[in-house]
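Please open the model in your viewer and keep the sequence panel beside it, so that each selection can be followed in both places.

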Amino acid sequence: MLSLTNKEARLIALDAVGLVGNQDKTVLDVIDRFGMLQIDSVNVFERAHYMPLFSRLGAYDKNDLDSLTEGSKPKLIEYWAHQASFIRPENLYLYDFRMQYYRDRAAKPGSFYQENIKLAKWIKAELKANGPMTHSDFEHEDNIRQGSWWGWSTIKRVMESMFLQGEIIAGGRRNFSKLYGLPEQVVSAKNLNKTIDHYEARVKLLAHSAKLMGVGTAKDMANVAFYTPTEIKEELQTLIDKKIVYPVEVEGWNKPAYLHKDYLNIDTRTIKPDLTTLLSPFDPLTWERDRALRLFNFDYKIEIYVPEPKRIYGYYSLPTLHKDKLIARIDLKSDRQHKALLVQSAWLEEEALNKASTYVKVINKHLEQVRKWQQLERVERKAKGNFPSY
């Protein structure tokens, strides 16, 4: 069986997700590499879907992403790919197997959808008459926020069910609220008419996941398309049989791993990471927390949902990559009112403390780049953390 050192696996992983050099030139280049771009609404520093693009493109114009979601036939739409994500409309057909799962659930007698089928028909009629709308645009007695489901109204819950089933499509946002439309209002007929066998679609998505990981366990690859490993057993065997992936042993990993064919004969000495960059909590490099621990000895947890007294690294601490190592966690906040980038805390990893002076310099330089990208005037630092004196 093939074998890799942990460093070789780490270099392959970095190259595969586009964090070696300036591999991608545009927003769509990055999204095509990922297959999707996970969306998140937390805006304490920056909404998470803008950040993986910054990590790879540098200080790009965020409108380069926003503009792709606008217009009557946007170049990016939303679906539950890797959780809530932007995808290309031409790839929507690959997720019909997931839509079918939700259709089957909705079709069951007594389901929430069946209890509100008349409301669903009314929503479709309103969209047909008015074009794409946000849920708050609907004037109906059931469009009142309630105590459960994040305060969603019945209208919003029905629309989300329709969205998951593919009855309506989310194309673009207005003030971060989804714009829902009928499929023909958002996606071209050419893309709506594309079909694929459901098993073949899952194989195709898993093959893309394997390429994005470079090398990974079944769980690593399954996580990209939001499966559980047990759901991909047959699909994974198909990839092995087709020689798209190869079983491989990785130093220090206690689970079987699989190497994508693109990296079968690569000399990892030619992979020379040279970036220093903050990473989103939802960057493909660290989507799977166990993977970050295996590759980087980086035990990462988002502390947004941890009570403040129990937080160690901060509300929104961001992994910080330098070349082929995760060297720090920086908790940032954009104080737009006072035009300041607030460093709430800054922690070097224990293994990085022996090069603290070097790492602090490169991180401070990068924070200036972040500040400029965020169009803020200064960086303000608090003393919390183990960084040496600024």
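Select β11 and β12 together: these strands (DSSP runs of E, at least two residues, numbered from the N terminus) form a hairpin with two residues between them, and in its turn Lys323 has a positive phi of about 55 degrees. This is a predicted model, in which local features need pLDDT of at least 70 and side-chain atom pairs count only at pLDDT 80 or more, while totals for chains, interfaces and linings use all residues. Residues are numbered from 1 along each chain as its sequence is written, and side-chain values use heavy atoms, with hydrogens and water left out.

The two hairpin strands pair (DSSP finds at least two bridges between paired strands) in the antiparallel sense over six bridges, and His322 has Lys325 in β12 as its bridge partner.

Next, add β10, residues 276-278, which runs antiparallel to β11 and is joined to it by three bridges; here Leu278 stands opposite Thr320.

Now colour β11 alone, residues 317-322: six of its six residues are buried, meaning under 20% relative accessible area with a 1.4 Å probe and protein chains only, where over 50% is exposed and in between is partly exposed. Ser317, Pro319 and Leu321 point one way, and Leu318, Thr320 and His322 the other way.

Finally, move to helix α14, residues 289-296 (helices are DSSP runs of H or I, at least four residues), where Arg291, Ala292, Arg294, Leu295 and Phe296 are buried. These residues cover an arc of only 165 degrees around the axis (taken from the directions from the helix axis to the C-beta atoms), which puts them on the same side of α14. Among the elements that cover them are α1, α11 and β12. Just after the helix, Asn297 takes a positive phi of about 55 degrees.

Technical notes
Contact = heavy atoms within 4.5 Å.
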